[in-house]
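Hi everyone, thanks for coming. Please bring up the structure on your screens, and I'll walk you through it.

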Amino acid sequence: MQIVSETLAFGGRQLTVEHQSAATGTPMRVAVFLPPAAEAGPVPAVIYLSGLTCTEDNVTQKAGAQRICAELGLAFVAPDTSPRGEGVANDDAYDLGQGAGFYVDATEAPWAPHFRMYSYICEDLPQLLRDDLPIRMDALGLTGHSMGGHGALTIALRNPGVFRSVSAFSPIVSPMNCPWGEKALGAYLGAEHAAWAAHDACALLDGGARLPGTVLIDQGAADNFLDEQLKTHLFGEACTRAGQKAKINMRPGYDHSYFFIATFMEAHLRHHAAALTG
């Protein structure tokens, strides 16, 4: 692990680190906030998966997580959204390629060699946390926004026991049933829809997978992506069918921006802290 940058915030350390990923075959960057409590020993951590076009910097600089994490004794971990660099495939569109890894392991050309974000989040990132940072691996929470909300829900559903708490902001709840998901899953995984179902939160719930405790979702009711892309109601219906505990807050007037995320970040961090430190 190489520390790219370090600064103090609320008595803790805000780091950007870089490490080599076996999954992607590239260097990957991760923003990590370590609260003051980490000076005394390992602390619980919330991993945040970002949305389309984002890097590790967006949530770190815009969401205001550090203050409340310092209070609660939580680390806040924000990985990049895709592999990057020379030789990594890309697309001119914002919703495919670099910045749009969709948290799947691509099987199709030209994406397959490097676009393995599912394995990166499930294997390489935990190895970094375990080996190089003061993180309690028995106290991990997972959250994310939009594409990252999709990643948080599906990765938690597929890895029972790894994450003790789950939440999401404006998640893509059923990529099999929206234009963003159809484009990305088709490009990365091919035309066979059976492969897509493993990366669809609603399909996973219908297949018997479950999330720990009560999953918390906040969704802006004025989000211009709500009806066509996010379709939050589908997740609510899937939770009802599955008997999955969920608290889905539709927030009048709020949109898809980081102003929305910053408004409700504290509530999400307290949700995670209750499960991870209670």
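**A walk from the sheet to the loops**

Let's start with one pair of residues: Gln219 has Met250 in β9 as its bridge partner. That contact belongs to the pairing of β8, residues 215-220, with β9, where six bridges join the two strands in parallel. Before I go on, please keep in mind that this is a predicted model.

Now let's zoom out to the whole sheet. Nine strands make up an open sheet, and if you read across it the order is β1-β2-β3-β5-β4-β6-β7-β8-β9, with mixed pairing. Which strands stand at the edges? They are β1, residues 2-9, and β9, residues 246-251; each has a single partner strand, so one side of each is left without a neighbour in the sheet. Going from one strand to the next, the twist averages 20 degrees. As a general reminder, strands of a sheet pair through backbone hydrogen bonds, in a parallel or an antiparallel way.

We have just seen a parallel pair at the β9 edge, so let me show you the other edge. There, β1 and β2 (residues 12-20) run antiparallel and are joined by seven bridges. Gln2, for example, has Glu18 in β2 as its bridge partner. Two residues lie between the strands of this hairpin, and Phe10 there takes a positive phi near 55 degrees.

Next, please look at β4, residues 43-49. How many of its residues are buried? Seven of its seven are, and the strand is mostly covered. β4 is joined to β6 by six bridges, in parallel, and it pairs with β5 in the parallel sense over three bridges. Val46 is a nice residue to click on here: its bridge partner in β6 is Gly141, while in β5 the partner is Phe76.

Now for the helices. Helix α4, residues 147-158, lies across β4, β6, β7 and β8, and it runs at about 135 degrees to β6. The other helix I'd like you to find is α3, residues 117-132. At Asp124 this helix bends by about 25 degrees, and a proline, Pro126, follows within four residues. Many names come up when we list the buried residues of α3, among them Met117, Tyr120, Asp124, Pro126 and Leu129. What covers them? The cover for the buried residues of α3 includes β2, β3, β4, β5, β6 and α4. Tyr118 is also one of the buried residues in α3, and the charged end of Arg158 sits over its ring, 4.3 Å from the centre.

That brings us to the aromatic rings. The structure holds nine aromatic pairs, and I've picked two. In the pair of Phe115 and Tyr188, the ring centres are 5.7 Å apart and the planes are at 20 degrees, so this pair is stacked. It links distant parts of the chain, 73 residues apart: Phe115 is in the loop between β5 and α3, and Tyr188 is in helix α5. Are these two buried or exposed? Phe115 has 1% relative accessibility and counts as buried, and Tyr188, at 0%, counts as buried too.

The second pair is Tyr254 with Phe264, and this one is edge-to-face, with 5.1 Å from centre to centre and 70 degrees between the planes. Tyr254 sits in the loop between β9 and α10, and Phe264 sits in helix α10, ten residues apart. Tyr254 is partly exposed at 30% relative accessibility, whereas Phe264, at 10%, is buried. Together with Phe169 and Phe260, these two residues form one aromatic cluster.

Let me finish with some backbone details in the loops. Ala109 and Pro110 are joined by a cis peptide bond, with omega about 0 degrees; Pro110 is in the loop between β5 and α3. Which residue in the loop between β7 and α5 should we look at? That would be Ser170: its phi is near 45 degrees, a positive value in a residue other than glycine, and at 0% relative accessibility it is buried. Lys231, in the loop between α8 and α9, is not a glycine either, yet has a positive phi of about 55 degrees. Lys231 is partly exposed, with a relative accessible area of 21%.

Note on methods:
Residues numbered from 1 in each chain as written. Predicted model: local features only at pLDDT ≥ 70, side-chain atom pairs only at ≥ 80, totals over all residues. Heavy atoms only, no water. Pairing = 2+ DSSP bridges. Axes fitted to C-alpha atoms, helices over the stretch in contact; angles between N-to-C directions. Contact = heavy atoms within 4.5 Å. Phe/Tyr/Trp six-rings, centres within 6.5 Å; stacked < 30°, edge-to-face > 60°. Buried < 20%, exposed > 50% of the residue type's maximum accessible area, 1.4 Å probe, protein only. Lys NZ or Arg CZ within 6 Å of the ring centre and 35° of its normal. Bend = angle between axes of the 7 residues up to and from the residue.
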